[in-house]
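User: I'm new to this structure and would like to get to know it through a few questions. Could you walk me through them?

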Amino acid sequence: QLEVIRRGIELWTNPGDAVLSPFAGIGSEGYVSLQMGRRFVGAELKRSYYEQAVRNLAAAATVDDRQPSLFPAA
């Protein structure tokens, strides 16, 4: 469903804006946000989702060099 997220980010944000996801899950909103030149802040309580989000966001950050990775390699 990344296209639905992409459309929402395109409609309601501008490049450089921050996107907040208080229930980040596996980081889908963050992944798309970083790809589209936005900043991202997310929160997730479930450890397994958080760990997957870290991997997904790190992958997005390496694709888009405009924002440095928030998750240094372990």
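User: Which residue does E10 meet in a salt bridge?

Analyst: Happy to help, and do keep in mind that this is a predicted model. E10 sits in helix α1, and its partner lies in that helix too, three residues away, about one turn of the helix. The side chains meet with N and O 3.6 Å apart, within the 4 Å that a salt bridge requires. The partner is R7.

User: Are E10 and R7 buried, partly exposed or exposed?

Analyst: Buried would need a relative accessible area under 20%, and exposed one over 50%. E10 has 47% relative accessibility, and R7 has 45%. Both values fall in between, so E10 counts as partly exposed, and R7 is likewise partly exposed.

User: How many salt bridges does the structure hold?

Analyst: Side chains of opposite charge can pair when their charged atoms come close. Besides E10 with R7, R6 and E3 form such a pair in helix α1, at 2.7 Å from N to O. R47 and E51 form another, with their closest N and O atoms 3.7 Å apart. The count for the structure is three.

User: What separates R47 and E51 along their helix?

Analyst: Both residues belong to helix α3, which spans residues 47–63. Because R47 and E51 are four residues apart there, the separation is about one helical turn.

User: Which residue of the R6 and E3 pair counts as exposed?

Analyst: The cut-off for exposed is over 50% relative accessible area. R6 has 23%, so this residue is partly exposed. Its partner has 56% relative accessibility and therefore passes the cut-off: the exposed residue is E3.

User: Is S21 buried or exposed?

Analyst: S21 is found in strand β1, and its contacts beyond the neighbours within four places in sequence are E29, F40, V41, G42 and A43. Its relative accessible area is 6%, which is under the 20% cut-off, so S21 is buried.

User: How far apart in space are L20 and V41?

Analyst: L20 also lies in strand β1, and with 62% relative accessibility it counts as exposed. In sequence, L20 and V41 are 21 residues apart. Taken from C-alpha to C-alpha, their distance in space is 4.9 Å.

User: Where in the chain is confidence highest?

Analyst: The average pLDDT for the chain is 88, and 84% of the residues score at least 70. Helix α3 has the lowest confidence, at a mean of 90. The highest, at 97, belongs to strand β1.

Notes
Residues are numbered from 1 along each chain as its sequence is written. This is a predicted model: local features need pLDDT of at least 70, side-chain atom pairs count only at pLDDT 80 or more; totals for chains, interfaces and linings use all residues. Side-chain values use heavy atoms; hydrogens and water are left out. pLDDT is the predictor's confidence in each residue, from 0 to 100. Helices (H or I, at least four residues) and strands (E, at least two) are DSSP runs, numbered from the N terminus. Buried means under 20% relative accessible area, exposed over 50%, partly exposed in between (1.4 Å probe, protein chains only). Contact means heavy atoms within 4.5 Å.
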